[in-house]
Amino acid sequence: MEFFSYFVTHSDLIADSIIRHFLLFLISMAFAIVVGIFLSIVITREGHEKVGQVILSITGASQAVPSVAVIALVFLFIGIGMKPALVALVIYSLVPIVFNATSGILSVDPGVLEAAKGMGLTKSQRLWHIKIPLAMPVIMSGIRSSATINIGTVTVAAIIGAGGLGDIIYTGLKLNRPEMIFIGAGLAAIIAILVDTVLMYVERKVTPKGLA
Amino acid sequence: MIEYRNITKRFGEKIAVNNLNMTLEKGTITMLIGPSGCGKTTSLKMVNRLVDPDEGDILINGESVFDLDPVKLRRSIGYVIQEIGLFPHYSVFDNIATLPRLHNWDEKKIKDRVYEVLDMVTLDESYADKYPSQLSGGERQRVGLARALAADPEVLLMDEPFGAIDPINRLILQQSFLEIQEEIKKTIIFVTHDINEAIQLGDKIAIMNQGSLVQFDTVSEILANPENEFVENLLGHDRNLKALSLKKARDYIKKEGYITVGPDVDKEAIRKELEEKDLVLAYIIDSRGRLKGRYYIDKAARKVDGRYPLVRETRPYHVERTTSLTETLSRMLEYGEKVLPVVSRNGRFRGVIDLDSIFEEVKQAGTAKGA
């Protein structure tokens with residue numbers, strides 16, 4: 001009962017929170033994808049595959065760092081508000097993207113790359129026509145798991161003033177109103193499911209035919 | 001023509017290729033063979049500059065490959081590696097069209113050429129839309145060859161292209177590869193670790209060991225006169241037998257030891273003629289000279305009325321003029337015949353080949369080695 005009455009009485013606040021939550025997710029993910037893919041390409045350049053392997057181990061281990069720790073560190077060094085929150089979100093979302101993109105690019109069959117080089121494809125043709133398309137399924141699954149984690153992390157970022165659905169959850173905690181916690185968490189979960197569904201569709205679209 | 005001049009390549013302390021000098025004639029297949037790490041693949045990859053030597057020069061038609069831009073050079077050379085080299089996310093069509101597209105051919109010309117090379121490797125047009133994962137190993141290898149031929153390069157580099165194929169399909173691929181080469185006459189360098197493949201396909205064989213060229217000569221010369229023990233061991237104990245695979249039945253045809261008869265000749269007359277000449281074999285030849293069957297006096301059977309029976313067979317075993325002596329020998333063993341008729345491709349009777357001629361040939365090869 002309280003659950004529905006809160007919805008009715010605070011519909012504006014909930015709508016604003018959803019929009020803000022989604023925007024935080026969108027902006028931080030956009031940065032993370034661009035930066036993450038770029039980094040992965042740089043660290044997997046031909047002749048530098050060792051660097052890629054090292055980064056792979058580091059990012060693999062970093063995935064165990066809890067999001068709260070990253071947010072706390074950003075708070076210590078940059079402060080509070082929307083911008084520090086975005087910084088923390090980008091950093092935290094980068095890890096799975098870099099991990100997957102790097103491992104995807106490094107696991108492209110060396111025979112295929114050798115053939116491509118021997119046939120006279122240039123370095124950038126090998127990257128854009130061979131490596132990236134072949135790594136695409138792995139890159140996309142990195143982006144998907146990063147997106148899901150990101151939406152959850154946005155709620156945590158509310159503690160340093162990011163806003164969004166996290167605010168509703170924290171307020172609920174302080175006022176001891178469980179319905180607010182349920183609403184905040186439930187809506188975040190719904191956003192995560194919707195985003196993942198969309199990304200699953202995108203993944204299918206960008207995965208080249210022939211890669212079963 | 002490809003010339004290796006004083007080529008040396010080191011990987012750290014190890015000398016991978018040691019002062020290699022070798023000239024490969026235009027339109028021939030040169031087989032590079034030797035144990036793992038002998039430098040054969042390294043030598044191959046220097047031609048399209050996947051590996052650069054520390055010393056020396058490589059010339060294609062008199063022009064040094066080191067004066068050319070590596071990317072341009074590679075686009076002018078066909079390159080085939082084991083089946084894994086196909087791009088899995090490209091259809092067969094797109095795989096083959098890769099180089100023509102890099103050369104900016106127009107789409108119409110690309111399409112015509114893709115179907116042309118597919119036909120050359122005996123794959124029909126329905127393969128164009130398939131992906132590599134939908135093909136068998138042999139089909140993938142054919143597509144690999146088609147892709148290398150697409151831009152009509154003069155030189156083909158092949159790095160153990162049939163290595164991952166099962167023995168039966170490998171034989172088929174080797175045979176059709178030879179037929180394709182008959183047509184296209186490319187200058188081919190072919191790395192293999194299979195001596196039988198080298199003998200089967202090569203015009204010349206270059207044998208390498210520990211970075212050095214041990215022997216470089218025609219296949220028959222290497223089989224007859226191995227340079228040293230290393231080459232002998234590589235060729236195996238049965239090298240005299242292997243040499244037989246290079247020889248064709250047509251050069252050992254005998255025109256004696258049998259009689260020929262028309263299809264309608266009376267049995268008694270045949271027996272009479274055979275007994276008079278002290279022979280046992282009569283081949284039945286039709287009016288156009290084609291082999292139709294044979295009569296033979298079966299001396300292993302029991303006598304009837306004091307005479308051995310005269311048996312008629314309408315489909316006698318035979319070999320063709322181009323059948324190798326190895327194949328001839330194995331058919332003799334299989335059929336239990338010491339004499340087989342030889343026919344031309346259109347079935348005309350040309351004479352017979354007997355076991356003694358093959359023994360004689362093996363014996364001669366054996367003595368040539370000692371000489």
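The legends below accompany close-up views of a predicted model.

**View 1. Chain A as a whole, built from helices without strands.** In this predicted model, chain A holds nine helices and zero strands, and its elements, read from the N terminus on, follow the pattern α-α-α-α-α-α-α-α-α. The C-alpha trace of chain A extends over about 70 × 40 × 20 Å along its principal axes. Of the 212 residues in chain A, 39% are buried, and among the contacts in this chain with a separation of 6 or more, 74% join residues that are 24 or more positions apart.

**View 2. Confidence along the helices of chain A.** Chain A has a mean pLDDT of 91, with 99% of its residues reaching 70 or more. Among the elements of this chain, the lowest mean pLDDT, 78, belongs to helix H1 of chain A (residues 2–9), whereas the highest, 94, belongs to helix H7 of chain A (residues 123–157). As a general caution, predicted coordinates should not be read in detail where pLDDT is low.

**View 3. The open sheet of chain B and the helix that packs on it.** Four strands of chain B form an open sheet in the order E2-E1-E4-E5, and their pairing is antiparallel. Strand E2 (14–24) and strand E5 (63–64) of chain B each have a single partner strand and stand at the edges, so one side of each is left without a neighbour in the sheet. Helix H1 of chain B (residues 40–47) packs on this sheet, where it touches E1, E2 and strand E4 (55–60) of chain B, and the direction of this helix makes about 60° with that of E2(B).

**View 4. The pairing of strands E1 and E2 in chain B.** Strand E1 of chain B (residues 2–11) runs antiparallel to E2(B), and the two pair over seven bridges. One of the residues to look for is Ile2(B), whose bridge partner in E2(B) is Leu24(B). In general, the strands of a sheet pair through backbone hydrogen bonds, either parallel or antiparallel.

**View 5. Arg74(B) and its contacts in both chains.** Arg74(B) lies in helix H2 of chain B (residues 70–75), and this residue counts as buried because 27 C-beta neighbours are found inside 10 Å. When neighbours within four places in sequence are left aside, Arg74(B) is in contact with Gly118(A), Met119(A) and Gly120(A) of chain A, and with Asn48(B) of chain B. Ile29(B), by comparison, is 45 residues from Arg74(B) in sequence, and the C-alpha atoms of these two residues are 19 Å apart in space.

Technical notes: Residues numbered from 1 in each chain as written. Chains lettered and ligands numbered in written order. Predicted model: local features only at pLDDT ≥ 70, side-chain atom pairs only at ≥ 80, totals over all residues. Pairing = 2+ DSSP bridges. Contact = placed C-beta atoms within 7 Å. Axes fitted to C-alpha atoms, helices over the stretch in contact; angles between N-to-C directions. Buried ≥ 20, exposed ≤ 12 C-beta atoms within 10 Å, placed from the backbone. pLDDT = per-residue confidence, 0-100.
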